[in-house]
Amino acid sequence: HLIEAFSKIAYKYPDWTLEIYGDENGVSKHELKSLVKNNNLDKQIFIFSATPNITNIMSKSSIFALTSKTECFPMVLLEAQQAGLPIISYDCKYGPKNIINHLSDGLLVLDQNIDDFANKLDLLIKDEGLRNKLRKNAVENAKRFEENEIMKKWISLFEL
């Protein structure tokens, strides 16, 4: 979905690139690379294997995008927030809406709606002010999940 969404707007942003990291999970890299090639985006979309240095990569990025069909509690969104990345994610069941505050530290997109994802990604790319606002708030909002904050909740639960 991410490749399809980006393909709808990539012509507007020839200097923007999309980097995808991870190992095969349902869709082979060959299929993804074919999709990139069929959309003539091999100069803008790059597919990499999973890396132990994702935090370093995130720190050099502008946006984090998640197009999962399902998620429970996606730790990668917390990592993205801690790296100060504005997030765009499908509002799939359970996970992203428990981490992302829509229009505060990221954008939630209608679940599995590629056109909505493309439109909101377009907005995020062209609106640097919005990206900066979401970036600042992402770092702040990620603190809700730091160990000391979570431990306070556990302790108060047991002290009841």
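Reader: What relative accessibility does Asp91 have?
Author: This is a predicted model, in which local features need pLDDT of at least 70, side-chain atom pairs count only at pLDDT 80 or more, and totals for chains, interfaces and linings use all residues. Residues are numbered from 1 along each chain as its sequence is written, while side-chain values use heavy atoms and leave out hydrogens and water. Buried means under 20% relative accessible area, exposed over 50%, and partly exposed in between (1.4 Å probe, protein chains only). Asp91 counts as partly exposed, because its relative accessibility is 28%.

Reader: Thanks! Which residue forms a salt bridge with Asp91?
Author: A salt bridge is a side-chain nitrogen of Lys or Arg within 4 Å of a carboxyl oxygen of Asp or Glu. The partner here is also partly exposed, at 47% relative accessibility. With the closest N and O atoms 3.9 Å apart, Asp91 forms its salt bridge with Lys97.

Reader: How many residues apart are Lys12 and Asp122, a pair that links distant parts of the chain?
Author: The side chains of Lys12 and Asp122 meet in a salt bridge, 3.0 Å from N to O. Lys12 sits in the loop between helix 1 (2–9) and strand 1 (18–21), and Asp122 is in helix 5 (residues 114–126). Helices (H or I, at least four residues) and strands (E, at least two) are DSSP runs, numbered from the N terminus. In sequence, the two residues of this pair are apart by 110 residues.

Reader: Is Asp122 buried or exposed?
Author: Its partner Lys12 has a relative accessible area of 40%, so Lys12 is partly exposed. Asp122 has a relative accessible area of 7%, so Asp122 is buried.

Reader: Which residue is linked with Lys12 and Asp122 in a network of salt bridges?
Author: A search of the whole structure finds seven salt bridges. Lys12 and Asp122 belong to a network of them, together with Lys126.

Reader: In which helix do Glu149 and Lys152 both lie?
Author: These two form a salt bridge, with the closest N and O atoms 3.2 Å apart. Glu149 is partly exposed, because its relative accessibility is 29%. The two residues are three residues apart, about one turn of the helix, and both lie in helix 7.

Reader: What is the area of the nonpolar surface patch that includes Ile155?
Author: Patches are made of residues with over 30% relative accessible area and no salt bridge, joining like charges within 9 Å and nonpolar side chains (Val, Leu, Ile, Met, Phe, Trp, Tyr) within 5 Å; areas come from the Shrake-Rupley method with a 1.4 Å probe, and for residues only the protein chains shown count as cover. Ile155 is in helix 7 (residues 147–158), and its relative accessible area is 45%. Together with Met151, Trp154, Leu157, Phe158 and Leu160, Ile155 makes a patch of about 730 Å².

Reader: Which strands stand at the edges of the sheet, each with a single partner strand?
Author: Two strands pair if DSSP finds at least two bridges between them. Three strands form an open sheet in the order 3-4-5, with parallel pairing. One side of each edge strand is left without a neighbour in the sheet, because each has a single partner: these are strand 3 (64–66) and strand 5 (106–109).

Reader: What is the bridge partner of Ala65 in strand 4?
Author: Strand 3 runs parallel to strand 4 (residues 87–90), and three bridges join them. In strand 4, the bridge partner of Ala65 is Ile88.

Reader: Which side chain makes a polar contact with the side chain of Gln81?
Author: Gln81 is in helix 4 (residues 75–82) and is buried, because its relative accessible area is 0%. A polar contact is a pair of N or O atoms within 3.5 Å; within protein, one must be able to donate a hydrogen and the other to accept it, and residues adjacent in sequence count only if both atoms are side-chain atoms. At 2.8 Å, the side chain in contact with that of Gln81 belongs to Asp105.
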